[in-house]
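Please look through the sequence and the model below before reading on. The paragraphs that follow move from the surface to the interior and then to pairs of charged side chains.

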Amino acid sequence: MLDKTYYGNTIWEWSIALGIIVASLVVGKIVYWIFKNVMRKLTARTKTKVDDILVDTVEEPLTFGLVVLGIGIGLGRLTLPETAEFWLDKGIYILVIIAAAWFITRFFDAIVHHYIKPLADKSESDLDDQILPIVSKGVKMMVWVVAVIVGLDNAGYDVGAILAGLGIGGLAMAMAAKDMVSNLFGGFTVFTDRPFTVGNRIVVDGIDGTVVEVGLRSTRLKTLEGRIVTLPNAVFQNSSVENISSEPGRKVVTTIGLTYDMDETQMQQAIDILNDIAAGNAHLDGKHRVGFSGFGDFSMNLIFIYWINKGSDIIETNTEVNMSILKRFTEAGLEMAFPTQTVYHQAIPAG
């Protein structure tokens with residue numbers, strides 16, 4: 001029975017091929033387990049991080065590569081049509097190239113995360129923090145491009161002809177990708193002019209948020225509501241950018257109205273109280289302004305301007321200042337006004 005032939009191979013030959021493929025899956029699983037549970041414990045005992053990184057990055061691509069190799073060996077034992085053998089060889093080779101590119105990009109990512117990024121975080125400049133993600137993505141993209149070119153070349157495709165065809169269609173692609181080009185120039189503007197950096201709070205095109213990532217094509221903001229908004233960099237060429245983080249502090253303007261039965265002494269007392277409150281609050285920067293701003297319809301108005309220090313809680317500081325105003329004005333007998341209207345009437349004599 002094992003000598004019966006199906007599709008050019010005996011049942012025994014099919015069984016051997018299937019057994020090799022299954023064995024490669026088992027071996028891959030065993031190798032993955034060894035790396036996950038044995039090798040990691042061994043490398044954890046050493047002082048260097050390189051072996052830990054190597055084990056962490058090689059385990060999955062290596063397992064994938066072993067399985068692909070086993071499938072290639074198993075199917076290679078069979079007698080297949082010439083076309084099938086051709087595509088099998090090319091397919092296996094391409095998958096091996098993918099495994100190699102996968103390992104290289106994972107290893108590069110780990111090196112950047114464990115070695116290069118900490119150095120960038122320690123530097124005083126923010127420029128390296130912004131450029132590092134772009135360089136990292138660019139290197140990985142180049143690795144995959146080379147892998148694709150090598151794979152296509154070994155699959156029998158004329159890579160030179162493909163690249164020439166892309167060159168001929170470059171003009172059409174450039175017309176279709178004009179927005180992308182605009183975004184790239186916008187990203188270049190952000191990196192050279194540096195209107196903001198990662199961590200700054202900005203307002204652009206009506207969106208208020210903190211910059212979390214700056215890329216060549218787009219910039220990501222985290223809004224006050226906690227949502228992530230992705231803006232194309234072309235926006236920064238055509239819109240004004242308000243960098244709130246560049247301000248020395250949050251400016252607060254408050255108008256306080258006192259009733260018209262307050263005299264000059266009481267108005268001066270109110271001004272002195274506001275100056276004293278601003279000077280005594282540790283969350284204010286001391287550059288406050290107080291003045292008698294004018295006569296309103298229902299009140300005599302005082303204007304109180306102060307700046308809250310960076311890092312201080314805005315709502316909590318405003319509450320402290322307003323509570324102090326309410327308490328001090330009440331203690332001093334200074335009455336704050338509300339819209340009122342006095343109507344005078346004269347009785348008409350009878351007859």
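Which residues gather in a patch of negative charge on the surface? They are Asp 261, Asp 263, Glu 264 and Glu 335, where a patch is made of residues with over 30% relative accessible area and no salt bridge, like charges being joined within 9 Å and nonpolar side chains (Val, Leu, Ile, Met, Phe, Trp, Tyr) within 5 Å. Asp and Glu count as negative and Lys and Arg as positive, while His and the chain ends are not counted; the place of a charge is taken as NZ of Lys, CZ of Arg, CG of Asp or CD of Glu. The accessible areas come from the Shrake-Rupley method with a 1.4 Å probe, and for residues only the protein chains shown count as cover.

The model is a predicted one, in which local features need pLDDT of at least 70 and side-chain atom pairs count only at pLDDT 80 or more, whereas totals for chains, interfaces and linings use all residues. Residues are numbered from 1 along each chain as its sequence is written, and side-chain values use heavy atoms, with hydrogens and water left out.

Within the patch, Asp 261 lies in the loop between β8 (249–258) and α9 (264–280); helices (H or I, at least four residues) and strands (E, at least two) are DSSP runs numbered from the N terminus. Asp 261 counts as exposed because its relative accessibility is 55%, given that buried means under 20% relative accessible area, exposed over 50%, and partly exposed in between (1.4 Å probe, protein chains only).

Another loop residue, Asp 205, sits between β3 (201–204) and β4 (207–214) and is exposed, with a relative accessible area of 53%. Its phi is near 55 degrees, a positive value in a residue other than glycine. As background, most residues other than glycine have a negative phi.

Turning to the interior, the largest nonpolar core (a set of buried Ala, Val, Leu, Ile, Met, Phe, Trp, Tyr and Cys residues joined through side-chain atoms within 4.5 Å) has 21 residues, and those with the most contacts inside it are Leu 258, Ile 325 and Phe 329. Two or more residues are given to this core by each of β8, α9, β10 (300–309) and α10 (314–332), and the largest share, seven residues, comes from α9.

How many salt bridges are there? The count comes to three, a salt bridge being a side-chain nitrogen of Lys or Arg within 4 Å of a carboxyl oxygen of Asp or Glu. One of them joins Asp 276 to Arg 328 at 3.1 Å, N to O, and this pair links distant parts of the chain, with Asp 276 in helix α9 and Arg 328 in helix α10, 52 residues apart. Asp 276 is partly exposed at 42% relative accessible area, and Arg 328 is partly exposed at 28%.

Asp 109 forms a salt bridge with Lys 140, their closest N and O atoms being 3.1 Å apart; here helix α3 (residues 82–122) holds Asp 109 and helix α4 (residues 127–154) holds Lys 140, 31 residues away. Asp 109 is partly exposed, with a relative accessible area of 32%, and Lys 140 is partly exposed at 22%. Arg 201 and Asp 208 also meet in a salt bridge, at 2.6 Å from N to O; Arg 201 counts as buried because its relative accessibility is 19%, whereas Asp 208 is partly exposed at 22%.
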